[in-house]
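Trainee: I have a model open in front of me and I'd like to learn how to read it. Can we go through it together?

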Amino acid sequence: VDLSLEWLGMRMASPLYNASGVMCRTREELDAVAGSAAGALITKSCTLTPREGNPEPRYHATALGSINSMGLPNEGYPYYFDYAQQFDYRKPLFVSVSGMSLEDNLFMLADLRDRHLPCLPEINLSCPNLPGKPQLAYDFAATAEALEKISQVYPGAFGVKLPPYFDPVHFAQMAALLNRFEGLRFVTCINSVGNGLLIDLASETTLISPKGGLGGLGGDYVLPTALANVREFARLMPDKHVIGCGGIKSGAEAFMHILCGATAVQIGTCLHEEGVGAFARIQHELAELMAQKGYQCLADFRGRLKTL
Ligand SMILES: O=C(O)c1[nH]c(=O)[nH]c(=O)c1Cl
């Protein structure tokens, strides 16, 4: 069974890598992912200046997944761009960029452009955890304006991290918008399902502190929504790649994301809870499943979901 893939001029030995935000804030964490069975790695979304993030507790895992309101804690963009400068590129590296404003995003992307590095930017349009700031990608006009300006500043291939959508009209509107940008070569679906609320029954208290306990959901909670977003955007944007993210904890969910059309898949909650050993385990399970089904490679089943 062959798990390798090639896309946008990059080769990956495995379709699995980390979701931005998990196991990628420090160079030690990034090196751990780079040294694991992961096929690629991506950095924590970065801002112009370092950020502490939201008050703790700001992450909590349950049997069904996770809730987080980290608040974009990161070391500031030079830290990650310097990591990308010294990286050996034995596997692809992506840098996640999440400026607090369009100007910040343009400033960081111009810096990245001028470094002429092999890494690709994944522009985060969907952080749900900045008090008072809505997720940009739920404002279609603002997203169009941002992508116009980004395309003028950044000539290379880039991708965007999208929030989940829940209505076919929105899938169609967003795909039509994104299809206008040739430099936009991939979308990562989905970011956490924003502003959920989890409660500790015994203490009658929220599990996390920020925003009265509201946070982005990951894990089993979001698998159906993630699969729907991957399948819809893969169908509506046939010339772009869709990276699947959301609810992957075994070979089965990785297989489902690829069946929906994902080129590659990112692991968030499961990686946070299990550690980098999750990559080898999930990869083995995916290979087993493919072998059982008689598939030799990912292209044998990618995007081949059947409907009734
Ligand atoms: O709170 C966060 O740092 C965070 N948390 C998420 O679940 N998605 C994001 O894009 C970000 Cl930026």
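Mentor: Sure, let's start with a term: buried means under 20% relative accessible area, exposed over 50%, and partly exposed in between, using a 1.4 Å probe and protein chains only. This is a predicted model, where local features need pLDDT of at least 70, side-chain atom pairs count only at pLDDT 80 or more, and totals for chains, interfaces and linings use all residues. Residues are numbered from 1 along each chain as its sequence is written, and side-chain values use heavy atoms, with hydrogens and water left out.

Trainee: Okay! Is Cys46 buried or exposed?

Mentor: Cys46 is buried, at a relative accessible area of 0%. Cys270 counts as buried too, with 11%.

Trainee: And how many disulfides are there?

Mentor: A disulfide is a covalent bond between the sulfur atoms of two cysteines. Here we look for a pair of cysteine sulfur atoms within 2.5 Å, and the count is 0.

Trainee: Why does Cys46 have no bond?

Mentor: Because its closest cysteine sulfur, in Cys119, is 10 Å away, which is too far. For Cys270 the closest one sits in Cys245, at 12 Å, so that's too far as well.

Trainee: Now the ligand: which polar contacts can I look for?

Mentor: A polar contact is a pair of N or O atoms within 3.5 Å. A polar side-chain atom of Asn129 is 2.9 Å from a ligand oxygen. From the backbone, Gly71 has an N or O atom 2.8 Å from an oxygen of the ligand, and a polar atom of Met70 is 3.1 Å from a ligand oxygen.

Notes
A polar contact is a pair of N or O atoms within 3.5 Å; within protein, one must be able to donate a hydrogen and the other to accept it, and residues adjacent in sequence count only if both atoms are side-chain atoms.
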